[in-house]
Amino acid sequence: MSAGYIDEMHEAFHSDLVYRSEDIPLECSPKPREMEQTLHGVMKLNGLVIRSLEEIAGRGANAVTYRAGKKFGHEVAKYFQKREDVEGALHELSDLLRGQYSFEVWKPEDKETFIIEENGETFIYLVFHDCIVRQTLRRNGLEQGGPLCQTLFGYVVGAIEEITGRKAKLEIVHTGPNACLKKLILK
Amino acid sequence: MEIHVDKDACVGCGLCVKDCPMNVYELQNNVSVAVRPNNCMGCLSCHEICPAQALEHRGIYAARRHYIDIKVCEMLRKVV
Ligand code: SF4
Ligand code: SF4
């Protein structure tokens, strides 16, 4: 390795910044625009992990990612306020997901209320608008609804269970390029 | 939600009718008509599938698009 190369490297990682241990960064660094490459790198990596997992584990991949997501949902929601009412729980969930996912409660026009009872099931439709999973899948040319979506599923179910103390289940009704419709079944 | 179908562009293939999970469209005289626009939840599957680019939604929430590369867009902007 040439001395010039080493010097160049040292120079790239040297600054005149005075860093104190009590300094708390007040903003994200670098600027979001400069983070683009990092974001795309993470999306590519996630896509490859999921593709390989599917190749090796086949249909079992969904169970693995669902479980991982569910654990994560329970883990993160532990620190959130416990709520028995579904509306309150959805508020908490929306705070929890902010920045990566956004969703709204939705109903078809022939339904009177957002909490729907049909065929002995009680459920709520959720339309997911912003979703980092969808972006990752599109970045990698992967189909929606597979193992990476199951991670989000598990995450939502885990968080709802943790917040309400009730069992829940999430079903994909439709996946689209701009939004996805999901059914949150309450037990 | 306001949905507009360009009647001149629509080729009457019925793909939007089949693909829309909310049964928003119906084929009438070989042209798609948005008969239940209030049932639309904004997935835009119909836009992706329509071969004639005949559809327009107004008042829709456009999800953030992280998968698009800023550098590719900059290059495209130079040529388009
Ligand atoms: S955006 Fe989705 S729900 Fe709305 S009309 Fe198109 S396919 Fe149907
Ligand atoms: S998909 Fe497009 S071209 Fe085909 S019927 Fe629908 S609007 Fe017309």
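**Figure 1. Ile3(B), a buried residue in a strand of chain B.** Ile3(B) counts as buried because its relative accessibility is 15%, and buried here means under 20%. In this predicted model, Ile3(B) has its place in strand E1 of chain B, which covers residues 2–5. A second residue to find in this view is Val35(B), which is 32 residues apart from Ile3(B) in sequence, while the distance between the two in space is 9.4 Å, taken from C-alpha to C-alpha. As to confidence, the mean pLDDT of chain B is 91, and 100% of its residues reach 70 or more. The model scores are ipTM 0.88 and pTM 0.82.

**Figure 2. Two residues of chain B that have a positive phi although neither is a glycine.** Asn29(B) has a phi of about 50 degrees, and Asn29(B) lies in the loop that runs between strand E2 (25–28) and strand E3 (31–34) of chain B. Leu44(B), with a positive phi of about 65 degrees, is found in the loop between E3 and helix H2 (45–49) of chain B. Is Asn29(B) buried or exposed? Asn29(B) counts as exposed because its relative accessibility is 78%, and exposed means over 50%. Leu44(B), by contrast, counts as buried, because its relative accessibility is 17%.

**Figure 3. The surroundings of ligand 1 in chain B.** Ligand 1 is surrounded by residues that include Cys20(B), Cys40(B), Cys43(B) and Cys46(B), together with His57(B). Leu44(B), which has the positive phi of about 65 degrees, is also among the residues around ligand 1, as are Pro21(B), Val24(B), Tyr25(B), Met41(B) and Gly42(B). By class, this shell has 9 nonpolar and 2 polar residues, and no charged residues. The space that ligand 1 takes is the largest cavity, and about 100 Å³ of space lies in the largest cavity. Which residues lie nearest the centre of the largest cavity? Of the 14 residues that line the largest cavity, Cys20(B), Cys40(B), Cys43(B), Cys46(B) and His57(B) lie nearest its centre. The lining of the largest cavity has 11 nonpolar and 3 polar residues, with no charged residues.

**Figure 4. The surroundings of ligand 2 in chain B.** Around ligand 2 are Cys10(B), Cys13(B), Cys16(B) and Cys50(B), among other residues that include Ser32(B), Pro51(B), Ala52(B) and Leu55(B). Val11(B), Gly12(B), Gly14(B) and Leu15(B) also belong to the residues around ligand 2. By class, the shell around ligand 2 has 9 nonpolar and 3 polar residues, and no charged residues. The space taken by ligand 2 is the second largest cavity, which has a volume of about 90 Å³. The second largest cavity is lined by 14 residues, and of these Cys10(B), Cys13(B), Cys16(B), Ser32(B) and Cys50(B) lie nearest its centre. In the lining of the second largest cavity there are 11 nonpolar, 3 polar and no charged residues. How many cavities of 30 Å³ or more does the structure hold? The structure holds 3 such cavities.

**Figure 5. The largest pocket, with helices of chain A in its lining.** About 350 Å³ of space lies in the largest pocket. The largest pocket is lined by 18 residues, and those that lie nearest its centre are Gln100(A), Tyr101(A), Ile132(A), Val133(A) and Thr151(A). Which helices of chain A each supply at least two residues of this lining? They are helix H2 (36–57), helix H3 (60–77), helix H4 (86–97), helix H5 (132–140) and helix H6 (147–164). By class, the lining of the largest pocket has 13 nonpolar and 5 polar residues, and no charged residues.

**Figure 6. The second largest pocket, lined by residues of chain A.** The second largest pocket has a volume of about 150 Å³. The largest share of its lining, 5 residues, comes from H4(A), a helix that spans 86–97 in chain A. Val86(A), Glu87(A), Leu90(A), His91(A) and Ser94(A) are in the lining of the second largest pocket, and Val105(A), Phe114(A), Ile115(A) and Ile124(A) line it as well. By class, the lining of the second largest pocket has 6 nonpolar, 2 polar and 1 charged residues.

Definitions and conventions. Residues are numbered from 1 along each chain as its sequence is written. Chains are lettered from A and ligands numbered from 1 in the order in which they are written. This is a predicted model: local features need pLDDT of at least 70, side-chain atom pairs count only at pLDDT 80 or more; totals for chains, interfaces and linings use all residues. Side-chain values use heavy atoms; hydrogens and water are left out. A residue is near a molecule or strand if one of its heavy atoms lies within 4 Å of it. On a 1 Å grid over the protein atoms alone, a cavity is a set of points where a 1.4 Å probe fits but cannot get out, and a pocket is an open set with protein on both sides within 12 Å along at least five of seven lines; lining residues have an atom within 4 Å of a point. A molecule sits in a cavity or pocket if more than half of its atoms lie within 2 Å of its grid points. Ala, Val, Leu, Ile, Met, Phe, Trp, Tyr, Cys and Pro count as nonpolar, Asp, Glu, Lys and Arg as charged, and the others, Gly among them, as polar. Grid points are joined across faces, edges and corners, and a volume is the space filled by probe spheres set on the points. Helices (H or I, at least four residues) and strands (E, at least two) are DSSP runs, numbered from the N terminus. pLDDT is the predictor's confidence in each residue, from 0 to 100. Buried means under 20% relative accessible area, exposed over 50%, partly exposed in between (1.4 Å probe, protein chains only).
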